[in-house]
Amino acid sequence: QASQPVAPFPRPLHFSAVTRCAGRLCVPRCQKGLAMTAPQMPQLRPSVGFCIQTTSTSSSPGKWYVNICKHKMCEMPIAYSGKPVSRDHILTHGIGNMQVPFDIGSFRKVKERAEGAKQTTYCIDVIFNPLIVQLFMEDEFCNKMAQFRPFVINLALKRIEESIGVRLASDKVKLVKALRYKDGEGADGSFPREFADLPGNADCFDDEAPQRPQQQQDCDAEPLIQDITPGPKKPAIKKGFLNSGKNAGALYPEGSGEGVLPENAGDPMGWMPKKLRNTCKIVDCNAPEYQQHQKQKDAAEESNKMNKEFKDQLTKDMEKWIKTTTPDKWEEDLPEGTEPPVATQKYDVDYSRFDKLDDDVEETPRVEERDWYYDSNGQRRSLPPKSSPAAAAEKPASAEPALKKGFLGDNKKPLYPKGSEQARAPPSDEEFMKGLLKEEAAAALAESSREAAESRKPSVAVKVNESKAPDFELKEVAEGLQLIVGVPGLDSMQDVSLDVTERKASLEFPVGTRLKPLQVELPVAVVPTKVRAKFSKKTRQITVTLPRTA
């Protein structure tokens with residue numbers, strides 16, 4: 001999108017060898033000893049367009065006026081194909097993707113601070129094709145192409161910065177409505193200036209640019225490559241100076257005093273932060289204290305395991321015994337040993353195949369064996385020597401054994417004729433069941449004797465309120481049947497159970513009403529799902545409506 005200079009178009013008559021230099025009109029300098037001829041060319045005076053005002057953001061601040069002018073010798077924008085585009089193409093697509101030919105003139109000072117102005121004011125001319133300036137001033141086109149005006153302004157400001165090195169602020173650009181051309185010719189200064197030959201064949205900004213001092217041509221030429229390797233120097237320390245009589249011995253007999261001894265010097269846990277070190281405790285699994293606690297823990301776990309196994313052994317067949325003594329009242333009445341019908345079993349799964357699988361044995365982790373450990377301060381300690389079997393076997397030869405070898409060979413009678421009574425064998429299942437049945441028989445006998453003893457005591461008569469059956473009336477109505485039950489002790493339908501089938505209606509009442517359950521056989525079939533019940537607190541009656549089946 002950046003506009004690049006194109007081939008130079010014809011210049012004014014009084015210009016000699018005019019070339020294109022950084023987007024502006026300039027005249028090349030004459031070399032020494034060369035004479036240049038100036039061909040006659042027509043004058044170049046642009047037409048008035050509009051004027052904008054902005055400020056400089058570089059090191060030398062000042063106010064700048066940019067005169068946007070037009071001239072027909074400035075070509076139309078050029079497409080990527082290298083051909084100028086038409087007016088219709090610009091009206092449709094704009095100029096964002098094209099090369100826009102334009103030119104700038106030399107800048108000039110309008111006012112200086114020495115003349116009383118707050119800051120120096122400059123003025124410069126920029127020339128575009130007449131169509132570009134015309135479209136810039138048309139609001140209808142610019143409203144359609146919102147980026148047209150910023151693109152043209154940035155194009156001119158960028159070329160000014162590249163040519164004369166002055167950066168102008170694009171965000172402070174404003175249109176000068178009082179005039180269309182600044183610092184022009186004529187009585188009112190609105191007539192554009194002519195692009196004239198630069199005085200003395202110098203560029204327009206040569207006076208403003210700093211002059212560099214000329215280098216001396218007669219100075220001696222320095223070599224391109226120079227050896228800067230330093231020569232041999234005397235060593236700062238003489239070899240073997242510590243072996244002399246004066247300096248013989250250690251360099252620092254008592255240690256160097258330059259450093260500072262840290263707070264945790266000599267602490268094996270000094271690498272740990274101080275706060276973390278004070279709030280934690282080092283525990284080594286190989287320490288005697290830890291081993292003692294671990295033995296106590298293992299002993300407690302072993303005791304709990306044995307108690308659990310004993311409890312499981314006692315309660316193993318308890319459910320089976322309870323089931324044999326108290327049969328389930330909801331269980332189907334079948335002879336003992338009868339398997340349930342196959343139709344009632346949903347699945348038939350055989351788990352015997354799992355008996356052939358081997359049990360997975362977890363490998364115990366290998367315990368590291370070492371004869372040392374770390375204490376709570378991080379210091380390494382050695383474990384006390386353990387008493388080995390070999391050391392225990394080494395006893396003084398003079399000590400006589402507690403039992404003489406072969407003492408049982410001379411005995412005429414066996415030591416335990418009937419076997420040892422210290423450890424009896426556990427009873428078998430049959431013996432255990434026999435003992436349990438004997439205990440149950442003894443308990444039943446004691447219970448019967450206790451009941452017989454209580455029957456001999458004089459009884460005391462206690463009057464108990466007996467329950468009575470409620471009064472009811474069953475009659476036929478238009479819908480079907482209607483059952484009216486009198487409940488004198490009932491306050492609400494709460495806790496009243498009503499169960500209706502096609503041929504029977506059942507009612508159960510709370511215990512406080514002292515009413516027996518009521519069952520009424522129905523003469524005709526009814527619809528149980530459409531039964532309605534209503535309680536009258538005034539008459540103390542329950543009215544049940546039983547619709548007849550169709």
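Here are legends for a handful of close-ups of this predicted model.

Local features need pLDDT of at least 70 and side-chain atom pairs count only at pLDDT 80 or more, while totals for chains, interfaces and linings use all residues. Residues are numbered from 1 along each chain as its sequence is written, and side-chain values use heavy atoms, with hydrogens and water left out.

**View 1. The largest nonpolar core holds 36 residues.** A nonpolar core here is a set of buried Ala, Val, Leu, Ile, Met, Phe, Trp, Tyr and Cys residues joined through side-chain atoms within 4.5 Å. "Buried" is under 20% relative accessible area, "exposed" is over 50%, and "partly exposed" is in between (1.4 Å probe, protein chains only). Look for Trp64, Val66, Ile95, Val126, Phe128 and Phe148, which touch the most other members. Strand 3 (47-55), strand 4 (63-70), strand 7 (121-128), helix 2 (130-136), helix 3 (139-144) and helix 4 (148-164) each chip in at least two residues. Helices (H or I, at least four residues) and strands (E, at least two) are DSSP runs, numbered from the N terminus. Helix 4 gives the most, with 9 residues. A second, separate core has 19 residues, including Leu481, Val500, Leu507 and Leu518.

**View 2. Val126 and the residues around it.** Leaving out neighbours within four places in sequence, Val126 is in contact (heavy atoms within 4.5 Å) with Val66, Asn67, Ile68, Cys69, Phe102, Asp103, Ile104, Ala156 and Ile160.

**View 3. Cysteines without a disulfide.** A disulfide is a covalent bond between the sulfur atoms of two cysteines. Counting pairs of cysteine sulfur atoms within 2.5 Å, a search of the whole structure turns up 0. The sulfur of Cys123 has its closest cysteine sulfur in Cys51, 6.3 Å off, so that is too far for a bond. Cys123 counts as buried because its relative accessibility is 0%; Cys142 is buried as well, at 7%.

**View 4. Aromatic rings in pairs.** The structure holds 7 aromatic pairs. Rings of Phe, Tyr and Trp (its six-membered ring) pair if their centres lie within 6.5 Å; planes under 30 degrees apart are stacked, over 60 edge-to-face, and the rest tilted. Phe141 and Phe148 have ring centres 5.1 Å apart and planes at 80°, so they sit edge-to-face. Both Phe141 and Phe148 are buried. Trp372 and Tyr374 also make an edge-to-face pair, 5.5 Å centre to centre with 80° between the planes. Trp372 is partly exposed at 21% relative accessibility, and Tyr374 is partly exposed at 37%. Elsewhere, ring pairs link Trp64, Phe107 and Tyr122 into a cluster.

**View 5. An open sheet of 3 strands.** The strands run in the order 13-14-15, with antiparallel pairing. Two strands pair if DSSP finds at least two bridges between them. Strand 13 (497-500) and strand 15 (518-521) are the edges, each pairing on one side only. Strand 14 (residues 504-508) is joined to strand 15 by 4 bridges, and Ser506 has Gln519 of strand 15 as its bridge partner.

**View 6. Arg548, just past a strand.** Arg548 is found in the segment after strand 17 (541-547). Its relative accessibility is 35%, so Arg548 counts as partly exposed. Arg548 and Val526 are 22 residues apart along the chain, yet their C-alpha atoms are separated by 4.4 Å. Not counting residues up to four places away in sequence, Arg548 touches Glu476, Val477, Ala478, Glu479, Gly480, Val524, Ala525, Val526 and Val527.
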